[in-house]
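The following note is offered to a colleague who is meeting this structure for the first time. Its points are numbered so that each can be checked against the model.

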Amino acid sequence: MEQQNGNQWDGKRPDPITQAKEGWYEKLLARVPLTVKSLNIIIAVLFILLIAALVIGTLKGRGAF
């Protein structure tokens with residue numbers, strides 16, 4: 001893979017774009033003293049609550065509730 005400045009990427013240096021995308025979960029794990037399983041459960045529950053709030057808001061806006 002050749003970069004725009006003409007240097008060959010040797011794969012030894014970390015790619016800053018990939019590092020920024022993959023690093024957020026590790027940073028979250030370092031901040032919150034939880035296991036990976038419990039953190040995944042919390043994220044899933046929050047996502048389900050968000051979907052439920054959107055569905056209830058849509059139904060309420062249409063006058064179904």
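1. Buried residues account for 5% of the 65 residues in the protein chain. The model under review is a predicted one, and the accessible surface of its protein chain comes to about 6000 Å². Carbon and sulfur atoms contribute 65% of that surface.

2. The secondary structure of the protein chain consists of 2 helices and 0 strands. Helix H1 covers residues 16-31, and helix H2 covers residues 36-61.

3. Helix H2 contains 26 residues. The distance from its first C-alpha to its last is 37 Å, close to the 38 Å expected at 1.5 Å a residue. After H2 comes glycine 63, which has a positive phi, near 90°.

4. Leucine 39 belongs to helix H2. Is leucine 39 buried or exposed? Its relative accessible area is 6%, under the 20% limit, and leucine 39 is therefore classed as buried. When neighbours within four places in sequence are set aside, leucine 39 is in contact with Tyr25, Leu28, Leu29 and Leu34. For one of these, leucine 28, the C-alpha to C-alpha distance to leucine 39 is 9.2 Å, with their positions 11 residues apart in sequence.

5. Leucine 46 also lies in helix H2. Its relative accessible area is 54%, and leucine 46 counts as exposed because this value is over 50%. The reader may wish to set this beside leucine 39, which is buried at 6%.

6. Which residues make the nonpolar surface patch of about 530 Å²? The patch is formed by Leu34, Ile41, Ile42, Val45, Leu46 and Leu49. A general point about helices helps in reading such a list: an α-helix has 3.6 residues a turn, so residues three or four places apart point the same way.

7. Glutamate 26 is located in helix H1. Its relative accessibility is 49%, which lies between the limits of 20% and 50%, so glutamate 26 is described as partly exposed. Glutamate 26 and valine 36 are 10 residues apart along the chain, and their C-alpha atoms are separated by 9.9 Å.

8. In summary, two leucines of helix H2 deserve inspection in the model: leucine 39 is buried, whereas leucine 46 is exposed and takes part in the nonpolar surface patch.

Terms used: Residues numbered from 1 in each chain as written. Predicted model: local features only at pLDDT ≥ 70, side-chain atom pairs only at ≥ 80, totals over all residues. Heavy atoms only, no water. Patch = residues over 30% accessible without salt bridge, like charges linked within 9 Å, V, L, I, M, F, W, Y side chains within 5 Å. Areas by Shrake-Rupley, 256 points an atom, 1.4 Å probe, with all protein chains shown as cover. Salt bridge = Lys/Arg side-chain N within 4 Å of Asp/Glu carboxyl O. Helix = DSSP H or I, 4+ residues; strand = E, 2+ residues; numbered from the N terminus. Buried < 20%, exposed > 50% of the residue type's maximum accessible area, 1.4 Å probe, protein only. Expected span 1.5 Å × (residues − 1). Contact = heavy atoms within 4.5 Å.
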